[in-house]
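Trainee: I have the model open and would like to go through it with you. Could we talk it over, one topic at a time?

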Amino acid sequence: VELARLGGDEFTALVPLNQASDRAQEVADLMLSQMSKPLQLSGVPEVTIGGSIGIAIYPADGTSISELIKHADQAMYLAKDAGRGCFRFFTRALQESAEMRVRLAGELRRALDAGQMEVYYQPIVELDSGRITKAEALIRWKHATQGFVSPATFIPIAEDTGTIHELGEWVFEQVLHQTLRWRGILGPDFQVSINISPVQFNSGEQTFLRWIDTLQAAGLPGSNLVIEITEGLLMGTDPGIRDTLLRFRDAGIGVAIDDFGTGYSSLSYLKKFDIDILKIDQSFTRNLAPEGADFALCEAIVVMAHKLGLKVVAEGVETELQRDLLRQIGCDYAQGFLFSRAVPAAEFETLRVDCGQSGEGVKKL
Ligand code: C2E
Ligand code: MG
Ligand code: MG
């Protein structure tokens, strides 16, 4: 066996084997179990380390050194994504998805200039009154040949390649103008929320300070905007996050926790930071049934949130039963296909008109 350090914390092992794939699995298991044994260093409490292994097999997965290393590397990222401390084999599917990512990353950089991006808006309904009082801005990419590409696919790529900063700026500008208009026609309290990726926080406070200045210059009160962040962001130790959130608060901008309940189990951040809204993740809403476990969970989230002075939005509401159960447990707002998908701004305005005429919220409500 030849072992080399490629750089940083990356190592490559060259292992000659017969019946490669079975034996490679054994070798990888052995390496992982050896690595995870606690180490005794003098003067330090016991330390443990771990690793993630990607496996590429010659000649099936490549015939040159560089190709083999590249493919092993891709497989290693798969192992890391799977939670670390495990191994993954390189596969053709993996190669195809890696190639697709590279292609999309390039196309994504040009998509804004090519006019392929649009911001859609999904209504958020106040359960008590059945009125649409908020909207969530969701970016849409109409790819030249592939039709709509899901944000779930391209946002992670934009985060990895840094394009997210440019996209985020653009979404902010669109939302700013849209919200100014809607303030006029939908009422002074209408709120629009923007998703912000943790990566956008990496560039520090500057971006957001500029946003706040831009709002003021445009004459849009902060209270018409909400930013949606995820729990993960608040679990970090970066003190800058707290300062940035305080800036938002000072500017009157609301802060919502998106996908609440899927991230970390620590709730201490709810009192440490100034949060206004919890958005219950769709995975809980989906299985809502009377007396089910998710029903109890949602109810507990609502009670807790209200005790802390927060409002609750349930995401992914698709059925009348779900809506009724949410109303029963006192959830404040609901968002989901039952009411409407995310739609272009002009169409959003007609949704609003519809409910005005029928006098009772949105269609189907
Ligand atoms: P999210 O912020 O949790 O947004 C909610 C997602 O759930 C949206 O998917 C929405 O279309 C979908 N959804 C709404 N109602 C229902 C329902 O009843 N059933 C089901 N199955 N799904 C529903 P979308 O638009 O594909 O966005 C996916 C994620 O991409 C978003 O999750 C958000 O994290 C991210 N994203 C979208 N736009 C932006 C953006 O402008 N900036 C950033 N940083 N992230 C964005
Ligand atoms: Mg969101
Ligand atoms: Mg969500």
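**Cavity, metals, pockets and backbone**

Mentor: Let us begin with the interior: the largest cavity has a volume of about 60 Å³, and please keep in mind throughout that this is a predicted model.

Trainee: How many cavities of 30 Å³ or more does a search of the whole structure find?

Mentor: The search finds one cavity of 30 Å³ or more.

Trainee: And which residues line the largest cavity?

Mentor: The lining includes Ile-124, Lys-134, Ala-135, Gln-191, Val-192, Ser-193, Val-226 and Glu-228, and the elements that give two or more residues to it are β6 (131-143), β8 (191-195), β9 and β11 (277-280). The largest share, three residues, comes from β8, and by class the lining has seven nonpolar, two polar and three charged residues.

Trainee: Glu-228 caught my eye, since it is in that lining. What else does Glu-228 do, say with the magnesium ion (ligand 2)?

Mentor: Glu-228 coordinates the magnesium ion (ligand 2) through OE, together with Glu-136 (OE), Asn-195 (OD1) and Asp-258 (OD), at 2.0 to 2.2 Å. Along the chain these donors follow the spacing E-x58-N-x32-E-x29-D, and the pair Glu-228 in strand β9 (residues 225-230) and Asp-258 in strand β10 (residues 254-260), 30 residues apart, links distant parts of the chain.

Trainee: Is Glu-228 buried or exposed?

Mentor: Glu-228 counts as buried, because its relative accessibility is 2% and the cut-off for buried is under 20%. Asp-258 is buried as well, with a relative accessible area of 9%.

Trainee: Now the other metal: what are the protein donors of the magnesium ion (ligand 3)?

Mentor: Asp-258 (OD), Asp-259 (OD) and Glu-315, which is listed twice through OE, lie 2.0 to 2.4 Å from the magnesium ion (ligand 3). The spacing of these donors along the chain is D-D-x55-E, and here the pair that links distant parts of the chain is Asp-258 in strand β10 and Glu-315 in the loop between β12 (311-314) and α13 (320-328), 57 residues apart. Glu-315 is buried, at a relative accessible area of 7%.

Trainee: Asp-258 turned up for both ions, then. How far apart are the two magnesium ions?

Mentor: The magnesium ion (ligand 2) and the magnesium ion (ligand 3) are 4.2 Å apart, with Asp-258 as the bridge between them.

Trainee: Moving on to ligand 1, which residues come nearest to it?

Mentor: Of the 22 residues around ligand 1, the nearest are Arg-140, Asn-195, Asp-258, Gln-282 and Glu-318, and two of these names, Asn-195 and Asp-258, also appear among the donors of the magnesium ion (ligand 2).

Trainee: What about polar side-chain contacts to ligand 1, for instance from Gln-122?

Mentor: An N or O atom in the side chain of Gln-122 is 3.0 Å from a nitrogen atom of ligand 1. Oxygen atoms of ligand 1 are approached by Glu-136, with a polar side-chain atom at 3.0 Å, and by Asp-259, with a side-chain N or O atom at 3.1 Å.

Trainee: Let's turn to pockets. What is the volume of the largest pocket, and what lines it?

Mentor: The volume of the largest pocket is about 1400 Å³. Of the 39 residues that line it, Phe-11, Thr-12, Ala-13, Ile-53 and Gly-54 are the closest to its centre, and the elements that give two or more residues to this lining are β1 (2-7), β2 (10-14), α1 (20-35), β3 (53-55) and α2 (65-81). The lining divides into 26 nonpolar, seven polar and six charged residues.

Trainee: And the second largest pocket, which residues lie nearest its centre?

Mentor: Glu-136, Leu-138, Pro-151, Ala-152 and Asn-195 lie nearest the centre of the second largest pocket, out of 38 lining residues, and its volume is about 1100 Å³. Its lining has 18 nonpolar, 11 polar and nine charged residues. Glu-136 and Asn-195 are also donors of the magnesium ion (ligand 2).

Trainee: Last topic, the backbone: where is the cis peptide bond?

Mentor: The bond from Tyr-58 to Pro-59 is cis, with omega near 5 degrees, and Pro-59 lies in the loop between β3 and α2. Most peptide bonds are trans, and most residues other than glycine have a negative phi.

Trainee: Which residue in the loop between α2 and β4 (87-89) should I look at, then?

Mentor: Look at Arg-84 in that loop, which has a positive phi of about 65 degrees although it is not a glycine, and which is exposed, with a relative accessible area of 56%. Glu-291, in the loop between α11 (282-286) and α12 (293-307), has a positive phi of about 70 degrees and is exposed at 80% relative accessible area.

Terms used:
Residues are numbered from 1 along each chain as its sequence is written. Chains are lettered from A and ligands numbered from 1 in the order in which they are written. Side-chain values use heavy atoms; hydrogens and water are left out. On a 1 Å grid over the protein atoms alone, a cavity is a set of points where a 1.4 Å probe fits but cannot get out, and a pocket is an open set with protein on both sides within 12 Å along at least five of seven lines; lining residues have an atom within 4 Å of a point. Grid points are joined across faces, edges and corners, and a volume is the space filled by probe spheres set on the points. Helices (H or I, at least four residues) and strands (E, at least two) are DSSP runs, numbered from the N terminus. Ala, Val, Leu, Ile, Met, Phe, Trp, Tyr, Cys and Pro count as nonpolar, Asp, Glu, Lys and Arg as charged, and the others, Gly among them, as polar. Donors are N, O and S atoms within 2.8 Å of the metal (3.2 Å for Na, K and Ca); water is not among the atoms, so sites may look incomplete. Buried means under 20% relative accessible area, exposed over 50%, partly exposed in between (1.4 Å probe, protein chains only). A residue is near a molecule or strand if one of its heavy atoms lies within 4 Å of it. A polar contact is a pair of N or O atoms within 3.5 Å; within protein, one must be able to donate a hydrogen and the other to accept it, and residues adjacent in sequence count only if both atoms are side-chain atoms.
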